[in-house]
Amino acid sequence: MLNEKHELWDIKDGTGITEIVGPDGKPFMDGLRRSDLQLAWSLSVDWFNPHSNKIAGRKKLVGSMAMALLNLPPSLQYKAENIYLVGVIPGPKELSLDEINHFL
């Protein structure tokens, strides 16, 4: 929903996701006006140092792949209990895009 300043508070406020059509030609995100469940997920791949956040010293990285359900209200989307941990990518270094695609 747009506020008075025309700021976007949620992904559903923008036109990008609302203009996606499903295989039936109807809007994918139609405000629950259909009998089947349409879910929109965001996928995040991020890297972190499991030993500490210090820049100095040896650096080892581990990756995480997580998904958030965008159909939830913004106040619930990124709560820990609503995040789906897809997988953990072992280190010791960040993988290339091609290598990450094998995990996905």
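A residue counts as buried when its relative accessible area is under 20%, as exposed when it is over 50%, and as partly exposed in between, using a 1.4 Å probe and protein chains only. Keep this scale at hand for the tour.

The model is predicted, so local features need pLDDT of at least 70 and side-chain atom pairs count only at pLDDT 80 or more, while totals for chains, interfaces and linings use all residues. Residues are numbered from 1 along each chain as its sequence is written, and side-chain values use heavy atoms, with hydrogens and water left out.

**Whole chain**

Show the chain as a cartoon. The chain has 3 helices and 3 strands, in the order α-β-β-α-β-α from the N terminus. Helices (H or I, at least four residues) and strands (E, at least two) are DSSP runs, numbered from the N terminus. Of the 104 residues, 26% are buried.

**The strands**

Select β2, residues 62-69. Of its 8 residues, 7 are buried, so this strand is largely enclosed by the rest of the structure. Now add β1 (41-48). β1 and β2 run antiparallel and are joined by 8 bridges; two strands pair if DSSP finds at least two bridges between them. To find the pairing, label Asp 46, which stands opposite Ser 64 in β2. Then add β3 (83-89). β2 and β3 also run antiparallel, with 6 bridges between them, and Ala 66 stands opposite Leu 85 in β3.

**Trp 47 and the core**

Which strand holds Trp 47? Trp 47 is in β1. Trp 47 is buried, because its relative accessible area is 14%. Beyond residues up to four places away in sequence, Trp 47 touches Leu 61, Val 62, Gly 63, Ile 89, Lys 93, Glu 94, Leu 95 and Ile 100. Contact here means heavy atoms within 4.5 Å.

Next, show the side chains of Trp 47, Leu 61, Met 65, Ile 89, Leu 95 and Ile 100, the 6 residues of the largest nonpolar core. Such a core is a set of buried Ala, Val, Leu, Ile, Met, Phe, Trp, Tyr and Cys residues joined through side-chain atoms within 4.5 Å. In soluble globular proteins, nonpolar side chains tend to be buried together.

**The loop after β3**

Select Gly 91, in the loop between β3 and α3 (97-103). Is Gly 91 buried or partly exposed? Gly 91 is partly exposed, because its relative accessible area is 35%. Draw a distance from its C-alpha to that of Lys 60: the two are 31 residues apart in sequence and 6.5 Å apart in space. From Trp 47 to Gly 91, 44 residues along the chain, the C-alpha separation is 9.2 Å.

Pro 92 is in this loop too. The peptide bond from Gly 91 to Pro 92 is cis, with omega near 15°. Most peptide bonds are trans. Leu 61 is in contact with residues of this stretch, including Pro 90, Gly 91 and Pro 92.

**The surface**

Finally, turn on the surface and colour Leu 37, Leu 39, Trp 41, Leu 43, Val 45, Tyr 84, Val 86 and Leu 104. They form a nonpolar patch with about 750 Å² of accessible area together. Accessible areas come from the Shrake-Rupley method with a 1.4 Å probe; for residues, only the protein chains shown count as cover. Patch residues have over 30% relative accessible area and no salt bridge (a side-chain nitrogen of Lys or Arg within 4 Å of a carboxyl oxygen of Asp or Glu), and nonpolar side chains (Val, Leu, Ile, Met, Phe, Trp, Tyr) are joined within 5 Å, like charges within 9 Å. β1 gives the largest share, 3 residues. End at Leu 104, in the segment after α3, which counts as exposed because its relative accessibility is 54%.
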